[in-house]
Amino acid sequence: MKRLLLGDEAIAQGAIDAGLSGVYAYPGTPSTEITEFIQLHESRRVADAEPIFCRWCVNEKTAMEGALGMSYMGKRAMVCMKHVGLNVAADAFVNSAMTGVNGGLVVVAADDPSMHSSQNEQDSRFYGKFAMMPVMEPSSQQEAYEMIGEAFALSEECRLPVLMRVTTRMAHSRAVVETTSSPRRQNAMKAPDDVRSWILLPAFARRRYATLIEEQSELLRRSESSQHNSYKRGEDPSRGIVACGIAYNYLMENCPDGCRYSVLKISQYPLPEALMERMFADGAREIVVMEEGQPVVEEMMRGMVPDGVAVKGRLTGELPRMGELTPDSVRAALGMEPLERREADDLVVPRPPALCVGCGHRDMYKALNEVAAEYDNARIFGDIGCYTLGALSPFHAIHACVEMGASVTMAKGAADAGQWPSIAVIGDSTFTHSGITGLLDCVNSRSNVVIVISDNLTTGMTGGQDSAGTGRLEDICEGVGVDPAHVRVVVPLPKNMDQIKEVLREEFDYNGVSVVIPRRECIQTLKRHAKQQKKQ
Amino acid sequence: MKKDIILAGVGGQGILSIATVIGEAAMAEGLYIKQAEVHGMSQRGGDVQSNLRIASQPIASDLIPLGGADIIISLEPMEALRYLPYLKPEGWIVTSSVPFVNIDNYPDMTDLTAHLDRLANRVVLDVEALAREAGAPAQAANMVLLGAAVPMLDIELEKIEAGICRIFARKGEEITAKNIAALRAGYDNSKK
């Protein structure tokens, strides 16, 4: 069947058709649509079809571990996350290569070069190499669809997890994808034969590490024979282009009749050394590495080329050091003239994103700003979510934003240093993702902090997914040990402004851990729910 | 056949529904499609665009090169101008004339109109007024805009209409009819 699918949706459909039993994920742009697609599929499941577990997880670490547990029982599991989510999952991720897998386990990391919706542009391929896992990097939506099935097979054959790395333009671009009419059935449940490989005691772990090292030559052999890696000698073989993932598309866009240089297309790692050898043997004296993200392959190739062969790319300025590739930057790297184009219009001004009109975070920031202004030196530590936009006009409210959960623990650290008032602003979903442990630190240290959990009852920035702690935030905070008298709930509406400010003042002045929860449903999910109700 | 289209607007305006209709019609024609979208943070009232490429031959890149777009279809006049460097010298701009002002330093409308008027190949329409005149709600303004772009698409009006019928089928005949009326209003007021 032919369908118009996002790259994310092609991955989801590929996994479903490969006999997936469970997807484990926390929402994060540009990976969210993979899990959402499977959830939609599951909501329309016919009675006799096999169910797929697809409920959102609390964070990427719990997701990775849940998937490893499903794999342990012999079933196929997939974990999806954005690139920085892999930092959160890293402990489980790296050690899953040490245990190996039972049922196929595929980890999808969606990188965001150009930082469209992220705080950095780290490249997940480093993690794959670090953990010594095979990595797949599709160049098209069709390839992504097919690769997922192959990744599960590879995972089961080599008994290792497989990392699939995509980037924003693959994840969020649609193309026509031909899907199978005969999906694979799910694996039957079957526990591992030998549990020793799953118990990473040093004595066992050493054996497992030796096996993992041994397995690398098999991974290389498979990479070299993969249909997704290919080498084509050019009419001018003195120059070799190494095109990784979707960089291959930008290359072909500029060479519709074929590239005159030798081209090595790479979509599976470890790097296919035998194909590289052929490129050198054909006389390549200059290699241009085109890759989305950081110069991972470019750095590796520097240590692999024969004497006298130059390696060029992002590190040497042929391509920009940062940001995603474009057809234009690749064109320039090929030494081609740019297309004729017009100048930018000087009337056009930037239009940054902003909190929605009617959003509860707005009322929260208004109250918080006004109360903070009554103190000499209030510091507000922000976090990851829609409310990070409080850094921009008109609020300019937050003084830091680093990663998921950092608001709570940075406010604590600042308070430890003597800062007062020291305030954290964190969303409900981010709080359950990574804020609870930090709050326990605050309680144990009796830190003088105010933790504002701006609760919109959803994971807003990624489009309104379920939030893990909805309806239980007060219980969670009190369970962690916050004095119930200092767990305060307010409704962020303009008419309640005086009351909200009074509550904030009281908690600023309380010497201890305070939690203030402004709670009002996200304006976007509210509209959606109203529409759904109207339908019914 | 090969058309590279930049869809532009402000997050929340609904540029993707235009892409969905063109994509549906192009699929039915057996054409190749690539459509890069913007999801995530920028959707919150920021500038958004989508690169839509349709062709009878396979398409390599998800992104349109600078100077490579045949048409810019924009739901907002300043957003139409934002992507000028992507437009081919002979390319067309089809845009709504109604500004979406959610920033303090939005340019002067007279200047903006003058800049649009400098372009030879342009269609500038009050798509919201045309939607109302056609008896359609303001949400159908994007279908008016699409109708105005149809002459530049190399896909027949009937094929686009059939696409709308399939997409809106679930929402009932009345909504489908209003969207088609909006599409035709745009088509009739286009000028190529």
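Two strands are taken to pair when DSSP finds at least two bridges between them; with that in hand, open this predicted model and begin with chain A.

**First stop: a sheet within chain A**

Select β8, β10, β9, β12 and β13 of chain A, which in that order form an open sheet of five strands with mixed pairing. The edges are β8 (230–232) and β13 (310–312) of chain A, each of which pairs on one side only, and neighbouring strands are turned against each other by 15 degrees on average, with direction ignored. Now narrow the selection to strand β9 (residues 236–244) and strand β12 (residues 286–290) of chain A, which pair in the parallel sense over five bridges; within this pairing, A:Ala243 has A:Met290 of β12(A) as its bridge partner. Add α10(A) to the view, and you will find that this helix packs on the sheet, where α10(A) touches β9, β10 (261–266) and β12 of chain A, and that its direction makes about 135 degrees with that of β9(A).

**Second stop: the sheet that runs across both chains**

Next, display both chains and select the eight strands that form an open sheet in the order β1(A)-β7(A)-β2(B)-β3(B)-β1(B)-β4(B)-β5(B)-β6(B), again with mixed pairing. At the edges stand β1 of chain A and β6 (122–125) of chain B, and because each has a single partner strand, one side of each is left without a neighbour in the sheet. The twist from one strand to the next averages 20 degrees.

The place to zoom in is where the chains meet in this sheet: β7(A) and strand β2 (residues 32–36) of chain B pair in the antiparallel sense over three bridges, and A:Ala175 stands opposite B:Lys34 of β2(B). Moving on into chain B, β2(B) is joined by five bridges to strand β3 (residues 47–55), the two running antiparallel, and B:Tyr32 has B:Ala55 of β3(B) as its bridge partner.

**Third stop: the wider interface**

Widen the selection to every residue in contact between the chains, which takes in 44 residues of chain A and 50 residues of chain B. Together the two chains bury about 4,100 Å² between them, 56% of it on carbon and sulfur atoms. Highlight A:Arg342, A:Leu347 and A:Arg351, since these supply 22% of the area that chain A buries against chain B, more than any other three residues.

For the polar side of the interface, select B:Arg53 and A:Glu253, which form a salt bridge whose closest N and O atoms are 2.8 Å apart; the count between chain A and chain B is four salt bridges. There are also 19 residue pairs in polar contact between the chains, counting pairs with both residues at pLDDT 80 or more. On the side of chain A that touches chain B, β1 (2–6), β7 (173–178), α10 (247–254) and α13 (327–333) each supply at least two residues, and the residues of that side divide into 21 nonpolar, nine polar and 14 charged.

**Last stop: backbone details in chain A**

Most residues other than glycine have a negative phi, and most peptide bonds are trans. Select A:Thr29 and A:Pro30, which are joined by a cis peptide bond with omega of about 5 degrees; A:Pro30 lies in the loop between β2 (20–25) and α2 (32–43) of chain A. The peptide bond from A:Ser393 to A:Pro394 is also cis, with omega near 5 degrees, and A:Pro394 lies in the loop between β14 (379–381) and α15 (406–416) of chain A. Finish at A:Arg446, a residue other than glycine with a positive phi near 50 degrees, found in the loop between α16 (428–445) and β16 (449–454) of chain A.

Methods
Residues numbered from 1 in each chain as written. Chains lettered and ligands numbered in written order. Predicted model: local features only at pLDDT ≥ 70, side-chain atom pairs only at ≥ 80, totals over all residues. Heavy atoms only, no water. Contact = heavy atoms within 4.5 Å. Buried area = accessible area lost by both parts, 1.4 Å probe. Salt bridge = Lys/Arg side-chain N within 4 Å of Asp/Glu carboxyl O. Polar contact = N/O pair within 3.5 Å; in protein donor to acceptor, adjacent residues only side chain to side chain. Helix = DSSP H or I, 4+ residues; strand = E, 2+ residues; numbered from the N terminus. Nonpolar A, V, L, I, M, F, W, Y, C, P; charged D, E, K, R; others polar. Axes fitted to C-alpha atoms, helices over the stretch in contact; angles between N-to-C directions.
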